[in-house]
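Look at how helices pack and how rings pair in the model below. Two helix contacts come up, then one aromatic pair.

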Amino acid sequence: DKRAQQTCPDKRISRVRVRPGRVERKRDARDVMGALLLLLFLYLAAASPLPPGDEGDRADVQSRRRKAQAGATRQRRAATSGGVAPLNVFLSVKDLFDARRRAVEWVVFQTLPTFSSPSKTGDGDPNASRVYTYNGFFESLRTMAADGILGDSYHAESNPYVPGYTKSGDDSHVTDEDNMSFYVGQDDPGHPNSKAYAVVNVAAFLSQAMAEAVQFDACEEFNGLPSGFTKDSVLKKTEDSDWYTSDLGVYGLLSELGAVEGRRFPSSAACGQLGRNYQIESCPVLGDDGTPTYDDGAMVDSACPIDATVEVMAMPHPRYNSKEREKGEIVRGEHPPPPLECRPKVFEGDYGGYWDGYSKEFVRNVAHPSTTGRIDTEGCAYWGRGMLMTRTTCGIGRLNFLMGRRAYEEGRPSRYPDVDFCKTPSVICGDNTATVTGARYPELKYLSGLVEWVDRIQTYSNPETGFDYLVSLRAFVNGGMSNADFIDDVSSILSRGCDGRMCSSQTIPFFDDRRKNFERILYDIFKFPGVGRTKLTYDYQFAETWLHENRAVIEGNVLVSQNRALGGTSYYSQEYGFGPFLDALRKMALTGAGEHRRFFLYDEDEGLRGLNAGLVNLSLFLANAMAESIADDSCDETHWDAVSGGTNGVYSLANPCGQNGREYGSEVCPRWQEFMDCPVDDQARIKAKLSLTSVPPFVAEEELVPPPFQCKARNLPVGGWDVATGALVEGEVPNSAGATSTRGCSFWGRGALLTRGKCNYGRLNFHLGKGADEDGREAPYPEVDFCANPAAVCDHEESMEIRWSVAMFEWIDRVQDYYDSSVDFDYIDELYRFVDGGMSNDAFVEQVSNILARGCHVHPCPPTSFTSPVKTNRFLHGPERRQNVKNAIRLVFKLPVLPPADPAKDAPEFGPPPASSLVTPRPTPRPTDPFWLDTPQPTDPPVRPPQPAEEGVLTLPPAAPAWMAPVDPTVPTSSPVE
């Protein structure tokens, strides 16, 4: 090969590939001869006429062949098991993209301005990706399509790898049955839709890559992974240019990243972000029937073993990790965190801490948990890398199992026998690995994603739902490309491992963007006669998608608690997570407690107005939950009502019977609901569950805290707790209602709203628990007896979800259903009135807090009220509830708020809302900025009507004209825009 290059530079005897340290022969003479014979055979077959009357036989044979290919197993094998694409098949597909190369580069390989390098990396295109390029991608795609995973490989017996020797891998295993390749229609190249199948598969891959990595111009995941962006906070169009620039100001990019209050980034995010734990996610194992099964014990089969000694840091991003600021300039959200890192613990208390975006510094050796509860980074080396951000011990382990050192050591062909992806996962991105592996492989950032696609997506088949990727891909094409659910299912499989919008509560970051990216490629670049979503419906799925897009902001600003050991520093709540919240919301908003008793989140009949009202209702609910329980990060009620000297006096240990003058065991339901009251069990023995963050290292070792609530069967004084001395006080220390013992006192507050009292628990049991099941009614928790075991709210195996469901039911039962006939006050009517009036009426917010805390919207409750008033003269955190509502509506949910009558009184505590928050953000059914249309289009372009295809045949349209220039650089956005 070297001689051939030196003596015949202009005559390509054989195609060679040059890599650092190796020169390889790609195709030998046998492959060339085989290809020539195949072409000759196809030519002769096409030129030979059939005997008269055989045309029908040929059609019948073709029909039977296509039916046989409809089987999921056969189609998967055709694409991934030995079915590599002949080079001419791949090149014919690439020609289609080459004819549209300019459009592809301007739409696909584009970076958000916030993340693009300061210098121009493309010809007249300042936002072109510097990491991912058109040529680089298609070179790697050629490898995976024409050679598969086992191409260019070494084998311990037939072609052993010798370190330091330049001997190259060979293609002797390309035809092995277990070789998997990227699908470009190679199973039936003669099918009329074969090229369309290939284009759709490539487009599906690129649509995911754009959302995962290309828009960030990053090869490695960064701390603060967002779930979506509000476009106006990321982009700003300059006055003298058509280019977009970005402002990392007070309400800029970082306000929407995965950080606590937009400033605290846990170092332990390296272990997992957006609720995922990269170290424990299970690896699929193929069963006897070829379908994937899962082992709950994680780290099975091909997953990487966790190595606590690994020490690695992600490659710094030139913009995100290196944006310099003027000295002394401290602006909220101006300082992105450093790259993710993994390092072993070297001493007790060696915690990762967090990065403070205000002061631009690390706060080390403090227990600042991530969303999954990790407080260190030991063994956390498996964050996302490459074009699809391949992550987790399973994802990285599969690379090692399929084409790394493990494959070679276990006697299988290996493309990279010198690379242990488990020990040096950063080899995927090249830097910091040359000293370990002896070489760098720039193609791995592409190949890692392509291998994951071939391994996880193309082979995916779910017998329960009937979704098979390749079958569904063909059906999508043959059906005129009008089923937008196809790409949604693909996004779900890649991000969550299952198909279907409701298969998991795990977030799909930039969910809408993935569909928009897919549609841009198919409809705007390739001009396929398909149609995306044609109808925008403000239903539950719409609302849930919107919540997912704002997950990072909700987790960082609503689901946050205060760490007493850090002087009240906010951190991600460990008792109230986004995933369980969404699981409960699905049940209570879709099923609830029966007909017309669902958590109000949307109203399809009211359209956008109904959705806004639903989000305001959710804001009011969350604002009260923040004040009741989330701030303290506790599922059980805790001591706060001191009998003397305010909160620094003495707590009565009889507080489980009631605080703030209430008697939880005596609060009965109205006369017509008395049968729902829970009986008081004098023999109950229940102890509150300690919260995850109520013990060291989340509290100081020397800090003395009162004991948790407990109910005892003895009718004896339980004493008190002196806050100042941290000592028990013996004798009778009555609570605010006069109780001195805790006999029968089991109905203290639990759950997100701290549901209290035997009436509330009785209603809960009647509608959601065992009481409903005994009456023959459907219930979400039929085995739970909330009367006999109220502690199930916090210690049941499904407790993380139940604590939210209990709170949502109380909100439905006591707030949404509230009606005072004496003044004709109906909560839902007043809610709509609040929305229509601009959402800035403090009086309504105060009325809602009164309903929840006191049982009526005014204080004192009128004697004619038909509600069940609570005997209390005060409730905690009134100002905080009002402020929580304002911040949730304006800054978290970004609803269209009108300016309040008194700005000084109503403004949020940390500054006015950004201008962009005054526009209602909503997901759009189609891209809002098409790039390759023949004529200028409005912001929301009319959807192309589907074009009939002749007998299911979908032909490729011609390429876009070469002179056509883009309107704007591509900017994938997940911001919901109405």
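In which handedness of crossing does helix 5 pass helix 7? The crossing is right-handed (the near helix is turned clockwise from the far one by less than a right angle; anticlockwise would be left-handed). This is a predicted model, where local features need pLDDT of at least 70, side-chain atom pairs count only at pLDDT 80 or more, and totals for chains, interfaces and linings use all residues. Residues are numbered from 1 along each chain as its sequence is written, and side-chain values use heavy atoms, without hydrogens and water.

Helix 5 (residues 87–98) and helix 7 (residues 134–146) have axes 10 Å apart, at an angle of about 155 degrees. Helices here are DSSP runs (H or I, at least four residues), numbered from the N terminus. Axes are lines fitted to C-alpha atoms over the stretch in contact, and angles run from 0 to 180 degrees between N-to-C directions. That angle makes helix 5 roughly antiparallel to helix 7 (over 145 degrees). Leu87, Phe90, Leu91, Lys94, Phe97 and Asp98 of helix 5 meet Tyr134, Phe138, Leu141, Arg142 and Ala145 of helix 7 (heavy atoms within 4.5 Å).

Helix 8 (residues 194–212) and helix 15 (residues 485–496) come within 11 Å and cross at roughly 55 degrees. That makes helix 8 oblique to helix 15 (35 to 65 or 115 to 145 degrees). This crossing is right-handed too.

Now the rings. Tyr827 and Phe844 form a stacked aromatic pair, 6.0 Å centre to centre with 25 degrees between planes (ring centres within 6.5 Å, planes under 30 degrees apart). Both residues are buried (under 20% relative accessible area, 1.4 Å probe, protein chains only).

Technical notes
Helix = DSSP H or I, 4+ residues; strand = E, 2+ residues; numbered from the N terminus. Phe/Tyr/Trp six-rings, centres within 6.5 Å; stacked < 30°, edge-to-face > 60°. Buried < 20%, exposed > 50% of the residue type's maximum accessible area, 1.4 Å probe, protein only.
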